[in-house]
Amino acid sequence: MAEEQAGSLLGEIEGELRPLGIAVNLAHWEASTTGTAEAQEKATAAEARLRKFLSSKSRYQRIVELLHSLEIHDLLVRRQLELLALDHRPNLLPESVIDDLVRRSNEIQAEFYTFRARLDGREITNNEIIEVLRGERDAARRKAAWEASKQIAHRVAEPLLELVARRNEAARSLGYRDFYAMQLQLHEIDEAELLCIFAQLKRRTDEPFRAAKAEIDRRLAKRYRTRPEILRPWHYEDPFFQEPPLSEELGLARHFRGRDLVMIADRFFARIALPLRDVLDRSDLYERAGKDQHAYCVNIDREGDVRILCNLRDDERWMGTLLHELGHAAYEKFLPRTLPWILRQPAHIAITEAIAMFMDRLTYDIDWLEAAAEARPDDRAGLQRRAVATVRFEMLLLVRWVLVMTYFERELYGNPGRDDLHRLWWDLVEALQQVRRPQNRDAPDWAAKIHLAVAPVYYHNYLLGELIASQLRAAIRKDVLDGADPRGYVGRADLGRFLRDRIFAYGASQHWQALLQDATGSRLDPEPFIAEFVPTPFAG
Ligand SMILES: [Zn+2]
């Protein structure tokens, strides 16, 4: 009886959710590819319609009652009800509140899509800012470009703080401590476990990061003919010091200059039995005015219309990003159509990030460079040594940077009234990334990070994704390669089969920790990541 009722309720909900979800995805795609106000309005309206559909208290009650019924034995039915309950819970709000939250978030998003910073009296794109921070030797010019990268913050800081207050208000009205705690619970992440693992990672990386960072600073100081203690945020290549500097010393960009990144990626995925030609054909890959300058992947209809957005340039950064987005796309495309529509999605954001990151890392794999990208490095051993060191530092830096974002955002929601947020940001950056704050700067630099507005309480997923990517790598080494050299996985159809059979096949039909346990032999575990990237303090 209950199982029958559940079946018809699920059918009913799916019938309504499906077109609403497609409309949201299409509208966001249009908004991010055109940047027009009209498209933006359509996106806002579509999202509000979806959230209002999920705001029905009576439907939520029926779902919860069915979940409590002991008569439902079908695990796929139970899982669909669980996910729907999680989808409804944050939306059990008055319509006016939903409208307000969606509108505020989308207004800030539109600002990020269309805002172009100004430098020397002319507009400059994100890619151009990064170019200056990569190549320019003059500190004053670097400083000006870095400051330009923060101009957006002045536009969005105030509206963002207002949005934070309203998100908290809504979360508290639903019985949560604050919006941060609510988001973690809705995404099936145990906050205590997360903070415990992050604290452990901080401890394990403190000394290796200090040592590696000191070495980087010595080399940067030499390049800029100054002393390490003079270095400021603009001496590093990434505006947030998210990525390691000195990428030109690594010499990877050379291997991608003038190359067709799309063809390289297309061929690689085809040869690991995850063909994505159709995805690439549907995608929006190159820079254009008005277009979102970031990158993402979207599954429009869960029926095969998967697309990615990029702003490709022929360098290793965009090679990595392209592989990353195509990793997401492979997961989405190869979710079996036989799964119920509600379960036809990745098990968790952190799992799809892990797949994307597994692919992204190949950019630094010399075997992959040679076999997939047909690079012919003159000094192979030297390049390999530098690439390993770069990735190590990149991962140490990622740990520290995600901690900055996580601790800052948790505090932003936990204590939004504090009037020293600018200082808190730089305190965290100095303590964790060990980058000295600019003198006499009192600006909302934190607000220049788009995620705080557009993808709130999301950032931990990037670190969880890397931890899981290492878990997957270890499992693939053991179960697929049987200890053999992966050779960049080129032509390894068994890699694609492993991912399809152990991960993609299940969609969201079980909790991500259970999926991980089944696929790799253990729940979330930072040890494979530590073993792969964090040098032990005694080994020098
Ligand atoms: Zn991603």
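A residue counts as buried when its relative accessible area is under 20%. The structure described here is a predicted model, and both Trp29 and Tyr296 are buried in it.

A search of the whole structure yields 20 aromatic pairs. One of them is formed by Trp29 and Tyr296, whose ring centres are 6.2 Å apart; the planes meet at 80 degrees, so the arrangement is edge-to-face. This pair connects distant parts of the chain, as Trp29 belongs to helix H1 (residues 2-34) and Tyr296 to strand E3 (residues 296-299), with the two positions 267 residues apart. The ring of Trp29 also has a charged neighbour: Arg307 lies over its face, at 5.3 Å from the ring centre. A corresponding placement is found for Arg59, which lies over the face of Phe53 at 3.9 Å from the ring centre.

A further aromatic pair consists of Phe240 and Trp401, both of which are buried. Their ring centres are separated by 5.5 Å and their planes are at 35 degrees, so the pair is classed as tilted. Here too, distant parts of the chain are linked: Phe240 is located in the loop between helix H10 (191-223) and helix H11 (247-250), whereas Trp401 is in helix H17 (residues 380-414), 161 residues apart. Phe240 and Trp401 are members of one aromatic cluster, together with Phe408, Trp425, Trp446, Tyr458, Tyr459 and Tyr462.

Turning to charged side chains, the structure contains 58 salt bridges. Arg166 and Asp100 form one, with the closest N and O atoms 3.2 Å apart. The two residues come from distant parts of the chain, Arg166 from helix H8 (residues 151-173) and Asp100 from helix H5 (residues 95-114), 66 residues apart. The partners fall into separate accessibility classes: Arg166 is partly exposed, with a relative accessible area of 29%, while Asp100, at 15% relative accessibility, counts as buried.

Arg122 and Glu128 form another salt bridge, in which the closest N and O atoms are 3.7 Å apart. Arg122 has a relative accessibility of 47% and therefore counts as partly exposed. Glu128 is likewise partly exposed, its relative accessible area being 24%.

A salt bridge is also present between Asp479 and Arg502, where the closest N and O atoms are 3.1 Å apart. It links distant parts of the chain, with Asp479 in helix H20 (residues 460-479) and Arg502 in helix H21 (residues 493-502), 23 residues apart. Asp479 is partly exposed at a relative accessible area of 36%, and Arg502, with 29% relative accessibility, counts as partly exposed. Elsewhere, salt bridges with shared partners join Glu411, Arg418, Asp420, Arg423, Asp427, Glu430 and Arg437 into one network.

Arg51, in helix H2 (residues 37-53), is buried but takes part in no salt bridge. The nearest side chain of opposite charge is that of Glu47, 5.0 Å away, whereas a salt bridge requires a side-chain nitrogen of Lys or Arg within 4 Å of a carboxyl oxygen of Asp or Glu. Apart from residues up to four places away in sequence, Arg51 touches Pro90, Asn91, Leu93, Ile98, Leu101 and Val102.

How values were computed:
Residues numbered from 1 in each chain as written. Predicted model: local features only at pLDDT ≥ 70, side-chain atom pairs only at ≥ 80, totals over all residues. Heavy atoms only, no water. Phe/Tyr/Trp six-rings, centres within 6.5 Å; stacked < 30°, edge-to-face > 60°. Helix = DSSP H or I, 4+ residues; strand = E, 2+ residues; numbered from the N terminus. Buried < 20%, exposed > 50% of the residue type's maximum accessible area, 1.4 Å probe, protein only. Lys NZ or Arg CZ within 6 Å of the ring centre and 35° of its normal. Lys, Arg positive; Asp, Glu negative; His and termini not counted. Contact = heavy atoms within 4.5 Å.
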